[in-house]
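Hello,

Here is the structure I promised to pass on to you. Please have a look at it first, and then read on for what turned up.

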Amino acid sequence: MNDKIYDEPSDVDAEDGHVTVVGPDHVHVKLSPDAAVETSDRLLFQAMKARGQQHFKEKPPGAMRKRSKVK
């Protein structure tokens, strides 16, 4: 398995009733519309999860700004 992290998004196109994904490292996949929708949902969910992981890695819980006391 390739552990390289790519910064370039894949190209996606709809043609003849299927979805084609062409990405880095010679990725070339044809999906049915249903498989493409499910893959899209999974990618979005995991992308948001990864962003949260990055956020909390940079700012660990408890490292939030102290609130000022209200007088």
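One definition before the rest: Ala, Val, Leu, Ile, Met, Phe, Trp, Tyr, Cys and Pro count as nonpolar here, Asp, Glu, Lys and Arg as charged, and the others, Gly among them, as polar. You will need that for the pocket. Please also keep in mind that this is a predicted model.

**The pocket**

With those classes in hand, the lining of the largest pocket divides into 15 nonpolar residues, six polar ones and three charged ones. In total, 24 residues line this pocket, and Tyr6, Pro9, Ser10, Leu43 and Ala47 are the ones that lie nearest its centre. Three elements each give two or more residues to the lining, namely S2, strand S3 (27-31) and helix H1 (33-58). H1 supplies the largest share, with ten residues. The space in the largest pocket comes to about 910 Å³.

**The overall layout**

The chain holds one helix and three strands. Read from the N terminus on, the order is β-β-β-α. Of its 71 residues, 10% count as buried. Contacts over long stretches of sequence are missing: if you take the contacts between residues at least 6 apart in sequence, 0% of them join residues at least 24 apart.

**The sheet**

The three strands make an open sheet, ordered S1-S2-S3, with antiparallel pairing. S1 and S3 are the edge strands and have a single partner each, so one side of each goes without a neighbour in the sheet. From one strand to the next, the twist averages 15°. As a reminder, the strands of a sheet pair through backbone hydrogen bonds, in either a parallel or an antiparallel way.

Taking the two pairings in turn:

- S1 and strand S2 (residues 18-23) are antiparallel and share five bridges. Val12 stands opposite Val21 of S2 in this pairing.
- S2 and S3 also run antiparallel, and five bridges join them. Here Val19 has Leu31 in S3 as its bridge partner, while Val22 stands opposite His28 in S3.

How many residues of strand S1 are buried? Of the five residues in S1 (residues 11-15), the number is zero, so this strand lies largely in the open.

Thr20 is worth a look while you have the sheet on screen. Thr20 sits in strand S2 and is buried, with a relative accessible area of 13%; the cut-off for buried is under 20%. Leaving aside residues up to four places away in sequence, Thr20 touches Asp11, Val12 and Asp13, and also His28, Val29 and Lys30.

**The two hairpins**

S1 and S2 form a hairpin with two residues between them, and Asp16 in the turn has a positive phi of about 55°. S2 and S3 form a hairpin as well, this one with three residues between the strands.

Which residues in the loop between S2 and S3 might you want to check for their backbone angles? One is Asp25, which is placed in that loop and has a phi near 60°, a positive value in a residue other than glycine. Another is His26, also in the loop between S2 and S3, with a positive phi of about 65° although it is not a glycine. As for accessibility, Asp25 counts as partly exposed at 45%, whereas His26 is exposed, with a relative accessible area of 78%.

**Before the first strand**

Finally, a word on Ile5, which lies in the segment before S1. Is Ile5 buried or exposed? Its relative accessible area is 73%, so Ile5 is exposed. Between the C-alpha atoms of Ile5 and Pro24 the separation is 9.9 Å, with their positions 19 residues apart along the chain counted as the distance apart.

Over to you now, and happy viewing.

Best wishes

Definitions and conventions: Residues numbered from 1 in each chain as written. Predicted model: local features only at pLDDT ≥ 70, side-chain atom pairs only at ≥ 80, totals over all residues. Heavy atoms only, no water. Buried < 20%, exposed > 50% of the residue type's maximum accessible area, 1.4 Å probe, protein only. Helix = DSSP H or I, 4+ residues; strand = E, 2+ residues; numbered from the N terminus. Pairing = 2+ DSSP bridges. 1 Å grid on protein atoms, 1.4 Å probe; cavity = no way out; pocket = protein on both sides within 12 Å on 5 of 7 lines; lining within 4 Å. Points joined across faces, edges and corners; volume = space filled by probe spheres on them. Axes fitted to C-alpha atoms, helices over the stretch in contact; angles between N-to-C directions. Contact = heavy atoms within 4.5 Å.
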